[in-house]
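I opened the model to look up its sheets, one residue and one helix. These are my entries in the order I made them.

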Amino acid sequence: MYYMNSSLQCRAGPSSWLGLLVCIMLSCSSMAGEGGQDSSKKLYEWMKDDKHADLSGVSVGGAPRGLIAEREFSPGEVIVTIPVKYAINLGTSSSSTESAMILLREKYRKSRRRFDPYLQSLPKMSELMTVDAAADDDVWWLQSGDLMEAAWRWRNTTLTGFRSVESKRAMFSGHQVTLEEYRWASAIISSRSLAIVAPNGDTLKYLIPVMDLANHNESSKHYVRLADGARAFHLVCGEHIKPKQEIRISYGLLRGDETVLFYGFLLESPFSIEPFA
């Protein structure tokens with residue numbers, strides 16, 4: 001997994017698939033700043049104080065984010081336990097607009113701000129490297145017509161979603177949501193939310209503190225499940241883990257173009273070169 005940053009320079013020719021993807025010169029400072037690491041570690045410390053949460057076997061590390069094993073784990077062991085009360089439930093809907101509204105509602109809530117430590121740990125807009133965080137001029141640096149079309153289609157969808165919520169100030173405690181704030185919420189959801197199968201078979205989307213720091217590996221056997229009578233999330237070990245080894249989970253079957261647009265990283269070679277659908 002290779003994360004992009006603002007110093008990325010394209011040297012590949014137009015026939016190179018890597019060149020088609022890598023030529024995204026985003027006006028972002030960095031995704032792996034020291035501030036992001038510090039806030040993640042503060043969140044980790046906050047979660048450690050809850051007796052129902054178990055983070056004793058991992059630490060925050062990697063660049064720009066990641067979970068590192070602090071001891072050996074065997075298949076079937078629970079690596080991390082996060083009580084459900086700490087996760088933001090984005091519901092069963094696949095609508096990115098509704099999910100963004102839920103996240104922004106929690107961000108601007110005036111009372112019962114129980115997610116503050118988590119919200120403060122999330123990267124700022126300038127630290128994100130997804131298509132939502134790019135300036136319009138940056139999208140033109142994409143060297144693939146299909147990829148550029150997909151990027152504009154997604155950004156137009158985001159704009160449509162914003163227009164449907166910009167007048168609903170009552171939902172956000174009177175705060176007037178801006179397009180940049182809406183794009184931030186959309187970028188966070190596309191890059192960090194996890195799909196969890198509930199006991200009744202429904203697939204729910206959640207933003208789960210600490211677990212959302214795990215990077216992607218398509219072949220990973222580790223997985224996240226809803227457990228303890230739906231009161232907690234477990235990150236379960238699927239194969240032997242050595243101390244100081246990075247713990248990665250699978251985000252699903254992703255193409256390289258999807259990871260660039262919605263997650264901000266390039267897949268390690270070999271990766272799919274199938275055109276964006």
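The entries below cover two sheets, a histidine and a helix.

**Entry 1, starting point.** I note before anything else that this is a predicted model.

**Entry 2, sheet with S4, S9 and S8.** I looked up the strand order and found S4-S9-S8, an open sheet of three strands with antiparallel pairing. I then asked which strands stand at the edges. They are S4, residues 78–83, and S8, residues 223–227; each has a single partner strand, so one side of each is left without a neighbour in the sheet. For the twist I read an average turn of 25° between neighbouring strands of this sheet, with direction ignored.

**Entry 3, the S4 and S9 pair.** I asked how many bridges join S4 to S9. There are five, S9 covers residues 232–236, and the two strands run antiparallel. I picked out one position here: Thr81 is opposite His234 of S9.

**Entry 4, His234.** I stayed with this residue, which lies in strand S9. Is His234 buried or exposed? Its relative accessibility is 8%, and the cut-off for buried is under 20%, so His234 counts as buried. I looked for polar partners and found a contact between the side chains of His234 and Asp228 at 3.4 Å. I also listed contacts of His234, leaving aside neighbours within four places in sequence. Val78, Val80 and Thr81 are on that list, and so are Met211, Tyr223, Val224, Arg225, Ala227 and Asp228. Asp228 thus appears in my notes both as a polar partner of the His234 side chain and as an entry in the contact list.

**Entry 5, sheet with S2, S3 and S10.** I recorded another open sheet of three strands, in the order S2-S3-S10 and with antiparallel pairing. Its edge strands are S2 (58–60) and S10 (246–247), and each of these pairs on one side only. S3, residues 67–69, is joined to S10 by two bridges in the antiparallel sense. Within this pairing I noted Leu67, whose bridge partner in S10 is Ile247.

**Entry 6, helix H7.** I checked the length of H7, residues 179–192, against its expected span. At 1.5 Å a residue its 14 residues should span 20 Å, and the end C-alpha atoms are 20 Å apart, so the two values agree. How many residues of H7 are buried? The count is 12 of 14, and I put the helix down as mostly covered. The buried residues include Glu181, Tyr182, Arg183 and Trp184. Arg192 is also among them, as are Ile188 and Ile189.

Terms used
Residues are numbered from 1 along each chain as its sequence is written. This is a predicted model: local features need pLDDT of at least 70, side-chain atom pairs count only at pLDDT 80 or more; totals for chains, interfaces and linings use all residues. Side-chain values use heavy atoms; hydrogens and water are left out. Two strands pair if DSSP finds at least two bridges between them. Axes are lines fitted to C-alpha atoms, for helices over the stretch in contact, and angles run from 0 to 180 degrees between N-to-C directions. Buried means under 20% relative accessible area, exposed over 50%, partly exposed in between (1.4 Å probe, protein chains only). A polar contact is a pair of N or O atoms within 3.5 Å; within protein, one must be able to donate a hydrogen and the other to accept it, and residues adjacent in sequence count only if both atoms are side-chain atoms. Contact means heavy atoms within 4.5 Å. The expected span of a helix is 1.5 Å times one less than its number of residues.
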